[in-house]
Amino acid sequence: MPDVLIADDHPLFRDALQRAVLNALPQAQVHGADSVHAVLAQIEQHPDAELLLLDLHMPGARGYSALAHIRGQYPGLPVIVVSGHEEAQVAHRALAHGAAAYIPKSSSGEDIVEAIHAVLGGDLWLPHRMLGGQPDLRPDEADTAVRIAGLTPQQFRVFVMIAEGLLNKQIAYELGVSEATVKAHMTAIMRKLGVNNRTQVALAASQLALEPGTMQPLPDDDAGGSS
């Protein structure tokens, strides 16, 4: 029986996706997750999963960063992005970041079933109204995606928290680790991203925002410079 993963933090929509998956694959074992951290754990528990349906907006996700990270860490796992965004450009960027399909949340159950069958058959899928030229990613966005793909899962969690403006002590509390451990993760993250401080880490995250270049103001954190 195929394992299918659904990552969405809205229980009602997660249930709706599960029904659509079971319509497409009646024998599937469906596993839900409400955060990026939870879905990464599910991927580890189900290494032979055949499909992941991933929401762009959930705890632990910043724009396309979660998609880039998962595609880099698990290139054999097809990902269908499910999102409330209806813009064709958002869908095309999702495919450019490695998604096999893009399903707006306004889609019918029939469309979701069609997308699942297409992806499992090795094809890409977009709603008819979004078909057309698929733009290439900007070089800086593509480079950042490759670098984010190289982060470990724990480094990725720290990366997202930095992008959300959390201080080192807040990150340490959220992860249940020491500030020294957070600093060690910071050093590794900056090395992998090719940057020198936490502001540049956040700027890197903004490259993969749904609206590129947007970044929250970061609080001062003396412990979070290049250390």
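This report walks through a sheet and some of the helices around it in a predicted model.

## The sheet as a whole

Let's start with the strands. Strands of a sheet pair through backbone hydrogen bonds, either parallel or antiparallel. Here, five strands form an open sheet with parallel pairing, and their order is E2-E1-E3-E4-E5. Strand E2 (29-33) and strand E5 (101-104) are the edge strands, so each of them pairs on one side only. Going from one strand to the next, the twist averages 20 degrees.

## Strand E1 and its two neighbours

Now pick out strand E1, which covers residues 3-7. How many of its five residues are buried? The count is five of five. Cover comes on both faces: Asp3, Leu5 and Ala7 are buried on one side, while Val4 and Ile6 are buried on the other.

E1 has a parallel partner in E2, and five bridges join the two. It also pairs with E3 in the parallel sense, this time over four bridges. Ala7 is a handy residue to find in the structure, since its bridge partner in E2 is Ala33 and its bridge partner in E3 is Leu54.

To see how the chain gets from E1 to E2, follow helix H1 (residues 11-24): E1, H1 and E2 together make a right-handed β-α-β unit.

## From E3 to E4, with a helix on top

Move along the sheet to strand E3 (residues 51-55) and strand E4 (residues 79-83), which run parallel and are joined by four bridges. One pair to look for is Asp55 with its bridge partner in E4, Val82.

Helix H3 (residues 65-73) packs on the sheet and touches both E3 and E4. The direction of H3 makes about 170 degrees with that of E4.

## Helix H6 and its two sides

Helix H6 spans residues 139-149, and its buried residues are Glu141, Thr144, Ala145, Ile148 and Ala149. Where do these buried residues lie when you look down the axis of H6? They fall within an arc of 135 degrees, so they line one face of the helix.

What do they pack against? The buried residues of H6 meet H3, the helix from the sheet, plus helix H4 (88-96), helix H7 (153-163), helix H9 (179-193) and helix H10 (198-206). Turn to the face pointing away from that buried side, and you'll find the exposed residues Pro139 and Val146.

Notes. Residues are numbered from 1 along each chain as its sequence is written. This is a predicted model: local features need pLDDT of at least 70, side-chain atom pairs count only at pLDDT 80 or more; totals for chains, interfaces and linings use all residues. Side-chain values use heavy atoms; hydrogens and water are left out. Axes are lines fitted to C-alpha atoms, for helices over the stretch in contact, and angles run from 0 to 180 degrees between N-to-C directions. Contact means heavy atoms within 4.5 Å. Buried means under 20% relative accessible area, exposed over 50%, partly exposed in between (1.4 Å probe, protein chains only). The arc is that of the directions from the helix axis to the C-beta atoms. A crossover is right-handed if, with the strands pointing away from the viewer, the path from the first strand over the helix to the second runs clockwise.
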